[in-house]
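Biologist: I am new to this structure, and I would love a close look at the place where the ligand sits. Could you walk me through that part, and then lead me outward from there?

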Amino acid sequence: MNNPWSSAKKQLKQVAKIIDLDKNVLKSLSQPDRVLCFSLPIKLDNGRTKKFLGFRSQHNNRRGPYKGGIRFHPQVNKNEVKALSMWMTWKCALVDVPFGGGKGGIKVNPKKLSDVELERLSRKYIEYLSPYIGENKDVPAPDVGVSPQVIGWMLDEALKHGLTKAVLTGKPLGLGGSQGRIKATGQGGFFVLDELNKNINLKKKTIIVQGFGNVGYWFAKIAFENGYKIIGISDSQGAILNSEGVNPDQVLEYKNQTGSVKNFPQSKNIEADKILLQPTEILAPAALEGVINKNNAFKIKAKVIIEMANGPVTPKAEKILEKNNIIVVPDILANSGGVTVSYFEWYQNKNQEQWTEQKVEEKLKEKITQSFNQVWKISKKRNINLRMAAYVLAVSRVVDCRGYLKSNVSNFEK
Ligand code: NAD
């Protein structure tokens, strides 16, 4: 089975060679600063008590408070949160926001709990974590399976424990959230894709999106509105194809009514995991990690894979894709729009400001376009793939803030 933690460590090792990273620094970056694994007993509606497993991994805070989402999913485990927390460290450094890396989650299928049970569990999680989080310590946000309602309960619990509203980002607008946060990850991904396309000039602009949650929907919607063609979409229940293209808003409306994209009118149904193997110029995995691996990478027909999810391409798969000249836009760049606008939200909360949606969008575009162009330049100059280029920039920024690196970060940024 794919182990994201070993993927994350492998990627770090690869970049350590390129930047000639000191062995002790590599060793220190290869472990999170702290990993909390805890049991969360809650009372179920039937009167019984059930324990759920909770996690929070704090990878690195050299550049600022730990930052990273909370995931509610049955597959959540220690290796997964460790990997995701390390990726957050690099992502925050890459887009140059003053945060480190963290990630958390609960091993649970939230769809199987009643609202009351889900509220108890969400509150219990924050109650447990309250000594370890804070606006200047560790700032969680929503990830897979965590709705705005859950964030609302979490915020209420955090406030009861003396924390401030800047302790959480991705909040609903009425609770101190930022304009533009909900679409930020998808929007940032689109800015990256469009900037890439200025360099590679894709003609058909066809896109297949795997996963139609927050990230997948917004990415598809914004791309569609900007002249790209969405020819396939999947969710956990099934997948649809339509070579003429579909309108993501209509697909969402249908999914909201029926529970899935499956059977969307005038489209062909296929099995969910077959969507990755269909012909398209752009493939956007926007669900979970490890979905493109050594078993299917050689069958991928896309020209560009834009990693909207975290860690969807394994290191072994990446080698195969590289041989086949498929460009992979790494997650730490492609989906960094979310944490960038989370930073804007945190900043607005701390400074009692409220930015307009237009301001958020402009600032996001500026930051993410700049990061893309820096990564592109490093990739061309050093003849390395985009992931390694992004890592070179991100890891050297993390290390350089402590003055560890022999050749300092400015050398990589030129
Ligand atoms: P979400 O819960 O809103 O959506 C996840 C979607 O994936 C759902 O539509 C689900 O049906 C689908 N899915 C699950 N298993 C699938 C499968 N096997 N095949 C096809 N679809 C499947 O979650 P999200 O917030 O959109 O996050 C998606 C990914 O993006 C995750 O990897 C997350 O870590 C990453 N990410 C999210 C954000 C953010 O701001 N939400 C930011 C950065 C990265």
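Modeller: Happy to! Let us start with the ligand: 22 residues surround it, and those that come nearest are Arg-71, Asp-143, Thr-185, Ala-287 and Asn-310. Here a residue is near if one of its heavy atoms lies within 4 Å of the molecule. Before going on, please keep in mind that this is a predicted model, in which local features need pLDDT of at least 70 and side-chain atom pairs count only at pLDDT 80 or more, while totals for chains, interfaces and linings use all residues. Residues are numbered from 1 along each chain as its sequence is written, and side-chain values use heavy atoms, with hydrogens and water left out.

By class, the shell around the ligand is made of 10 polar, seven nonpolar and five charged residues. In this scheme Ala, Val, Leu, Ile, Met, Phe, Trp, Tyr, Cys and Pro count as nonpolar, Asp, Glu, Lys and Arg as charged, and the others, Gly among them, as polar.

Now for the polar contacts, meaning pairs of N or O atoms within 3.5 Å; within protein, one must be able to donate a hydrogen and the other to accept it, and residues adjacent in sequence count only if both atoms are side-chain atoms. The side chain of Arg-71 has an N or O atom 2.9 Å from an oxygen atom of the ligand. For the side chain of Asn-310, the distance from such an atom to a ligand oxygen is 2.8 Å. Ser-236 takes part through its backbone, where a polar atom is 3.2 Å from an oxygen atom of the ligand. On its own the ligand has 830 Å² of accessible area, and the protein covers 82% of this; such areas come from the Shrake-Rupley method with a 1.4 Å probe, and for residues only the protein chains shown count as cover.

Next, let us step out to the strands. Helices (H or I, at least four residues) and strands (E, at least two) are DSSP runs, numbered from the N terminus. Strand 3 (residues 66–73) runs parallel to strand 5, and five bridges join them; two strands pair if DSSP finds at least two bridges between them. One of the partners is easy to find: Lys-67 is bridged to Val-139 in strand 5. Strand 5 (residues 138–142) is mostly covered, with four of its five residues buried. Buried means under 20% relative accessible area, exposed over 50%, and partly exposed in between (1.4 Å probe, protein chains only).

Strand 6 (residues 206–210) has five of its five residues buried, so the rest of the structure largely encloses it. In a regular strand, side chains alternate between the two faces of the sheet. In strand 6, Thr-206, Ile-208 and Gln-210 point one way, Ile-207 and Val-209 point the other way, and all are buried. Strand 6 pairs with strand 7 (residues 229–234) in the parallel sense over five bridges, and Gln-210 has Ser-234 as its bridge partner in strand 7.

One more stop is strand 2 (residues 49–60), which holds His-59. His-59 is buried, with a relative accessible area of 1%. From His-59 to Leu-175, the C-alpha to C-alpha distance is 28 Å, and the two are 116 residues apart in sequence.
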